[in-house]
Amino acid sequence: MAEKKYGRFWMVCITWKVVCLCGVLYILIMETTLILNMDYSILTKLSWQKGITLMLKGAITPIEFHERRILGANGEYYPLPKVGMVKKFISFKYTATPTRRNIFLRDNYTCQYCGVKNPDKLTLDHVLPKWQGGKDTWENLVCACFKCNSKKGGRTPSEANMPLLNQPIKDGGRRYYNDWGLSEKIK
Ligand SMILES: [Zn+2]
């Protein structure tokens, strides 16, 4: 009898935990703020926390609100912005940065020394090694498999006798990822 009672107790506990978790997930996923540019094009989607901060700072004009309100430290209730528009037009100059992901995209996830595509371990290789003054630039970073990367070590391709399959370039194609420095611009 007692076992049955406790079994039920735990069932209620687990159900409540699931309900709470779903609620938190709902708030985190669904209650976002869509930020529009002045021409109504979509700039980005932010968490409601960031959205309300921008609204209170006066950086965005709220257009639509979520139903839920939150209690501020001053005892006032604030609506959560669902859609907000920036107050000045944001224009973009495309400048993709040579991040790990972007270099992988440019080189099509292919080792630039042996030509193997999608190896087990794909790494970034500095053509001119860092210790020789090599920089983190489009022209000095290539995809390399782990094997080639360790074989080349701290040498240049000619020192290691490992010619590159393609000369690394900055092609500026729009397939690369960039957050456009949005968080900085909206402020
Ligand atoms: Zn390789």
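**Figure 1. The chain as a whole.** Buried residues make up 19% of the 187 residues in the chain; a residue is buried if 20 or more other C-beta atoms lie within 10 Å of its own, exposed if 12 or fewer, and partly exposed in between, with C-beta atoms placed from the backbone. This is a predicted model, where local features need pLDDT of at least 70 and side-chain atom pairs count only at pLDDT 80 or more, while totals for chains, interfaces and linings use all residues. Residues are numbered from 1 along each chain as its sequence is written. The secondary structure comes to 6 helices and 6 strands, and here helices (H or I, at least four residues) and strands (E, at least two) are DSSP runs, numbered from the N terminus. Follow the sequence along and you get the pattern α-β-β-α-β-β-α-β-β-α-α-α. Among contacts in the chain with a separation of 6 or more, 61% come from residues 24 or more positions apart; two residues are in contact if their C-beta atoms, placed from the backbone, lie within 7 Å.

**Figure 2. An open sheet with 4 strands.** The strands line up in the order 2-1-4-3, and the pairing is mixed; two strands pair if DSSP finds at least two bridges between them. Strand 2 (42–47) and strand 3 (60–71) stand at the edges, each with a single partner strand, so one side of each has no neighbour in the sheet. From one strand to the next, the twist averages 25 degrees. Angles like this run from 0 to 180 degrees between N-to-C directions, and axes are lines fitted to C-alpha atoms, for helices over the stretch in contact. As background, strands of a sheet pair through backbone hydrogen bonds, either parallel or antiparallel.

**Figure 3. Strand 1 and its partners.** Strand 1 (residues 32–36) and strand 4 (residues 77–86) pair in the parallel sense over 3 bridges. In this pairing, L34 stands opposite V83, and I35 stands opposite G84. Strand 1 also runs antiparallel to strand 2, joined by 5 bridges, and T33 has L46 as its bridge partner there.

**Figure 4. The hairpin of strand 1 and strand 2, with Y40 in its loop.** There are 5 residues between the two strands. Look for Y40 in this loop: its phi is near 70 degrees, a positive value in a residue other than glycine. Most residues other than glycine have a negative phi. Y40 counts as exposed because it has 9 C-beta neighbours inside 10 Å.

**Figure 5. Strand 3 meets strand 4.** These two run antiparallel and are joined by 8 bridges. One facing pair is I70 and Y78, the latter in strand 4. The hairpin has 5 residues between the strands, and G75 takes a positive phi near 85 degrees in it.

**Figure 6. Helix 2 and its two sides.** In helix 2, W48, G51, I52, L54 and M55 are buried. They cover an arc of only 160 degrees around the axis, so they sit on the same side of helix 2; the arc is that of the directions from the helix axis to the C-beta atoms. Over on the other side, L56 and K57 are exposed. Just after helix 2 comes G58, with a positive phi of about 85 degrees.

**Figure 7. The largest nonpolar core, with 10 residues.** Its members are I103, C111, Y113, L122, L141, V142, C143, A144, C145 and C148. A nonpolar core is a set of buried Ala, Val, Leu, Ile, Met, Phe, Trp, Tyr and Cys residues joined through C-beta atoms within 7 Å. Strand 6 (residues 141–145) gives the most to this core, with 5 residues. Leaving out residues up to four places away in sequence, C148 touches C111, Y113, C114 and M162. Another core, of 9 residues, lies apart from this one and includes I35, L46, I52 and M55.

**Figure 8. Two exposed loop residues, W131 and N118.** W131 lies in the loop between strand 5 (122–126) and strand 6, and it is exposed, with 8 other C-beta atoms within 10 Å. W131 and G154 are 23 residues apart along the chain, with 7.5 Å separating their C-alpha atoms. N118 is in the loop between helix 3 (100–106) and strand 5. N118 has a positive phi of about 45 degrees although it is not a glycine, and it is exposed, with 11 other C-beta atoms within 10 Å.
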